[in-house]
Amino acid sequence: MQRIAQTLGALALAAGALFAGAQTAAAQETPTPSVLTPDVLANMEYQSEFTASGTAVLVNGIYSETAAGDSVVTIRLLEEPQATGMVDGQEAAAVLIAENGGGSGTFVHLALVVDQGGMPVNTSNAFLGDRVAVSAMEFRDDGTIVVGLV
């Protein structure tokens, strides 16, 4: 009976060591969570040609300020399409920003957001057009962003 208890004890120790080793290996293989989540992208600062300061801090994907006269500048993050990839070895996201300066136009910009040391930074924007429909976006392996316009 004592021999069975020793054998079971040895098996339990071996199983515990294997389990601990598996946990360590799994922890080492777990990728770092992305900083560029949809919630972060909807609540951060973006460059803007329409605001007095040149930037807009979105809250839940929207920003507005009163401009000259009675006009209101409105900037919003379009939820789709969005793309993620790598640019110069850094994790990046491509999102669409729609800006209205109080007139009839809705100017769509592609905004590049890069993870810089754990902080999302809008590093550059590209004007796509007035009231354009974007059907798709994707990152290529070389960091190029391909945009499908309708």
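How many salt bridges does a search of the whole structure find? In this predicted model, the search finds one salt bridge, and the close-up views below begin with the two residues that form it.

**View 1. The salt bridge between arginine 131 and aspartate 130.** The closest N and O atoms of arginine 131 and aspartate 130 are 3.0 Å apart, and this pair forms the one salt bridge that the search of the whole structure finds. Side chains of opposite charge can pair when their charged atoms come close. Arginine 131 is exposed, with a relative accessible area of 53%, whereas aspartate 130 is partly exposed, with a relative accessible area of 32%.

**View 2. Two residues other than glycine with a positive phi, asparagine 60 and arginine 131.** Asparagine 60 has a phi near 55° and is placed in the loop between β2 (55–57) and β3 (62–66), where its relative accessible area of 62% makes it an exposed residue. Arginine 131, already seen in the salt bridge with aspartate 130, has a phi near 55° and lies in the loop between β7 (119–130) and β8 (134–139).

**View 3. The cis peptide bond from glutamate 80 to proline 81.** The omega angle of the peptide bond that leads from glutamate 80 to proline 81 is near -10°, and the bond is cis. Proline 81 belongs to strand β4, which covers residues 72–87.

**View 4. The hairpin formed by β8 and β9.** Strand β8 pairs with strand β9 (residues 145–149) in the antiparallel sense, and the pairing runs over five bridges. Phenylalanine 139 stands opposite isoleucine 145, a residue of β9. Five residues lie between the two strands of this hairpin, and in the turn glycine 143 has a positive phi of about 90°.

**View 5. The surroundings of aspartate 115, a residue in strand β6.** Which side chain of opposite charge is the nearest to aspartate 115? The nearest one belongs to arginine 140, which is 23 Å away, and aspartate 115, although buried, has no salt bridge. The side chain of aspartate 115 does, however, reach the backbone nitrogen of glycine 118 at 2.7 Å. When residues up to four places away in sequence are not counted, aspartate 115 touches Val35, Leu36, Gln90 and Glu91. The strand that holds aspartate 115, β6, covers residues 107–116.

How values were computed:
Residues are numbered from 1 along each chain as its sequence is written. This is a predicted model: local features need pLDDT of at least 70, side-chain atom pairs count only at pLDDT 80 or more; totals for chains, interfaces and linings use all residues. Side-chain values use heavy atoms; hydrogens and water are left out. A salt bridge is a side-chain nitrogen of Lys or Arg within 4 Å of a carboxyl oxygen of Asp or Glu. Buried means under 20% relative accessible area, exposed over 50%, partly exposed in between (1.4 Å probe, protein chains only). Helices (H or I, at least four residues) and strands (E, at least two) are DSSP runs, numbered from the N terminus. Two strands pair if DSSP finds at least two bridges between them. Lys and Arg count as positive and Asp and Glu as negative; His and the chain ends are not counted. A polar contact is a pair of N or O atoms within 3.5 Å; within protein, one must be able to donate a hydrogen and the other to accept it, and residues adjacent in sequence count only if both atoms are side-chain atoms. Contact means heavy atoms within 4.5 Å.
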